Amino acid sequence: MLPPKFRQFVLYVLCGGGGVALDFVLYTLLVTAGIWHHAANVAGYASGTLLSFVLNRFITFRVLDAPIRRLAAFMAFAGVGYLCSMTVLIVLVDALNGDPVMAKAASVVVVVAVQYTLNSRITFQPMGSQRKPHDKIKDV
């Protein structure tokens, strides 16, 4: 059996992987179709973020209360992740003339680390007398 926090991270990565896959596929399709890579990044990132919120809320953290507050926090931290993603794209594509698809792949590593830390410690923390999310995982 995996330690609860590690299991939570694995679930986060798997659920987030669905969001990342949607983001990456949509971004790649749009860039390939001639859409400016920054516009494609907005569309892909927003779509992937919404999918990731739904999956992580129900599967990883199983925290169903306060959906509006949690969505607002998740989206705010997605904004932080988006800024990280844009920074990587600006450096690798705009400044260094790198491949936009490879740059997007590199940005994912940074974004996962930043967003997991913020979401696990703030967005999906229990309110009031609720158990900690990683304690709920033991019930699976």
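Below is a chat about salt bridges, a buried glycine and the nonpolar cores in a predicted model.

Colleague: Before we start, what kind of model is this?

Modeller: A predicted one.

Colleague: OK. How many salt bridges do you get?

Modeller: The count comes to two.

Colleague: Which lysine does aspartate 23 pair with?

Modeller: Aspartate 23 forms a salt bridge with lysine 104, and their closest N and O atoms are 3.1 Å apart. The pair links distant parts of the chain, with aspartate 23 in helix 1 (residues 4–32) and lysine 104 in helix 4 (residues 100–123), 81 residues apart.

Colleague: Is lysine 104 buried or exposed?

Modeller: Lysine 104 counts as buried, because its relative accessibility is 1%. Aspartate 23 counts as buried too, at 7%.

Colleague: And the other bridge, what does arginine 70 meet?

Modeller: Arginine 70 meets the side chain of aspartate 65, at 2.8 Å from N to O.

Colleague: Why do you call aspartate 65 partly exposed?

Modeller: Because its relative accessibility is 23%, and the partly exposed class runs between 20% and 50%. Arginine 70, on the other hand, is buried, with a relative accessible area of 0%.

Colleague: Switching topic. Where does glycine 48 sit?

Modeller: Glycine 48 is in helix 2, which covers residues 37–60. This glycine is buried, with 5% relative accessible area.

Colleague: What does glycine 48 touch, leaving out residues up to four places away in sequence?

Modeller: Gly19, Leu22 and Asp23. That last one is the aspartate that bridges to lysine 104.

Colleague: How far is glycine 48 from valine 110, C-alpha to C-alpha?

Modeller: Those C-alpha atoms are separated by 16 Å, and the two residues are 62 apart along the chain.

Colleague: Now the cores. Which residues make up the largest nonpolar one?

Modeller: There are ten residues in all: Tyr27, Ala40, Tyr45, Ala78, Tyr82, Met86, Leu89, Val93, Ala103 and Val111. Helix 2, helix 3 (67–95) and helix 4 each give two or more residues to this core.

Colleague: Which helix gives the largest share?

Modeller: Helix 3, with five residues.

Colleague: Anything besides that core?

Modeller: Yes, a second, separate core of seven residues, including Tyr12, Phe61, Val63 and Tyr116.

Colleague: Back to valine 93 for a moment. What are its contacts, again without residues up to four places away in sequence?

Modeller: Valine 93 touches His37, Val88, Gly98, Asp99, Pro100 and Ala103. Of those, Ala103 is listed with valine 93 in the largest nonpolar core.

How values were computed. Residues numbered from 1 in each chain as written. Predicted model: local features only at pLDDT ≥ 70, side-chain atom pairs only at ≥ 80, totals over all residues. Heavy atoms only, no water. Salt bridge = Lys/Arg side-chain N within 4 Å of Asp/Glu carboxyl O. Helix = DSSP H or I, 4+ residues; strand = E, 2+ residues; numbered from the N terminus. Buried < 20%, exposed > 50% of the residue type's maximum accessible area, 1.4 Å probe, protein only. Contact = heavy atoms within 4.5 Å. Core = buried A, V, L, I, M, F, W, Y, C linked by side-chain atoms within 4.5 Å.
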